[in-house]
Amino acid sequence: MSASALLPARTDPRTKLSMSSEVRKEVILERLDRDQRVSVLELSTEFGVSGETIRRDLKDLEAEGAVRRVHGGAIPAGRTADVPITDRIRFNALEKDAVAQMARNLITDDCAIFLDTGTTTLSLARHLTGFKKLRLYTNSLMIAQAACQHFGVRVQMTPGNLRPIEQDLVGYDTLSYIQQFHFDMVFMGAAAIAAEYGFMDYEEDEARIRQALLKQTARSIMLADHSKCGKTGNVITAAFSSVSTLVTDQRPPANILAAAKRGDLEIIHG
């Protein structure tokens, strides 16, 4: 028998038997850096602690600005990709409502508009009161449900493949349907707004739909709260010069204002 066989097994100092709250948080951040999402259930099983203990850890980390809590777990702070729309509705809700009210004032009755998937466009759908003959097209189930509550708004859904996280319809059939129409106005969301690239998204499906909508209207309007300014996605959706108007709740940073001016992009802000 070798000498090494007589030595006791090496023990990870961060085992679940000895793991303090601070060490758990360190491991949670490592997991987030690696996987971009953690689950309360998986962490409580791994650490041998209750789900409530993990939720307290995540609450502490969120208070420190290190994570963002979502249903069943957490994601890195500042990241919204892959977060269900039902969770994202709560992010910057007052700011999105302010944007929606400004956008509502741009709409006239007896016209055809398209609202694409997004939490700010969903907020706009909830403000569509006072119309008699407004035709609204959308690929979002939640927007359709919100808009059809208003008298005087006729709602038409696109076909397509359902994305459960976004509660919307995307794909070839959606694009083909959009290409059959001309809309008086289209209202779109944006995942990120970067001075160097313009409007950006995290998903190709969303970017393709927005690119198709830009070709089917004379008035394209991006809705975004101030938190989107200065962020970058991984898909370039549209240059500032390709969009008519940006509606946001605060005056954008100077570099975005300068890029918008070069692209002849109108900015309406709170």
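The following legends describe four close-up views of a predicted model.

**View 1. The segment annotated as "domain: HTH deoR-type" spans residues 21-76.** This range comes from UniProt, where the entry is unreviewed. In the predicted model, helix accounts for 64% of the chain over residues 21-76, and strand for 18%. The C-alpha atoms at the two ends of this segment lie 19 Å apart.

**View 2. Three strands form an open sheet with antiparallel pairing.** The strand order across the sheet is 1-3-2. Strand 1 (38-39) and strand 2 (67-70) are the edge strands, each of them pairing on one side only. Strand 3 covers residues 73-76 and pairs with strand 2 in the antiparallel sense. Four bridges connect strand 2 and strand 3. Within this part of the view, Arg69 is found opposite Ala74, a residue of strand 3.

**View 3. The largest cavity encloses about 40 Å³ of space.** The model has one cavity of 30 Å³ or more. The lining of the largest cavity consists of Asp116, Thr117, Asn139, Arg163, Asp168, Val170, Glu206, Ile209 and Arg210. Strand 8 (168-170) and helix 10 (204-214) are the elements that contribute two or more residues to this lining. Helix 10 makes the greatest contribution, giving three residues. Sorted by class, five of the lining residues are charged, two are polar and two are nonpolar.

**View 4. The cysteines of the model form zero disulfides.** A disulfide is a covalent bond that joins the sulfur atoms of two cysteines. For Cys111, the closest cysteine sulfur belongs to Cys148 and lies 18 Å away, so the two are too far apart for a bond. A disulfide would require the sulfur atoms to be within 2.5 Å. Cys111 is also buried, since its relative accessible area is 5%. Cys229, with a relative accessibility of 15%, likewise counts as buried. Both assignments rest on the cut-off for burial, which is a relative accessible area under 20%.

Definitions and conventions. Residues are numbered from 1 along each chain as its sequence is written. This is a predicted model: local features need pLDDT of at least 70, side-chain atom pairs count only at pLDDT 80 or more; totals for chains, interfaces and linings use all residues. Side-chain values use heavy atoms; hydrogens and water are left out. UniProt positions are given in the numbering used here, feature names are shortened, and annotations may be inferred rather than shown by experiment. Two strands pair if DSSP finds at least two bridges between them. On a 1 Å grid over the protein atoms alone, a cavity is a set of points where a 1.4 Å probe fits but cannot get out, and a pocket is an open set with protein on both sides within 12 Å along at least five of seven lines; lining residues have an atom within 4 Å of a point. Grid points are joined across faces, edges and corners, and a volume is the space filled by probe spheres set on the points. Ala, Val, Leu, Ile, Met, Phe, Trp, Tyr, Cys and Pro count as nonpolar, Asp, Glu, Lys and Arg as charged, and the others, Gly among them, as polar. Buried means under 20% relative accessible area, exposed over 50%, partly exposed in between (1.4 Å probe, protein chains only).
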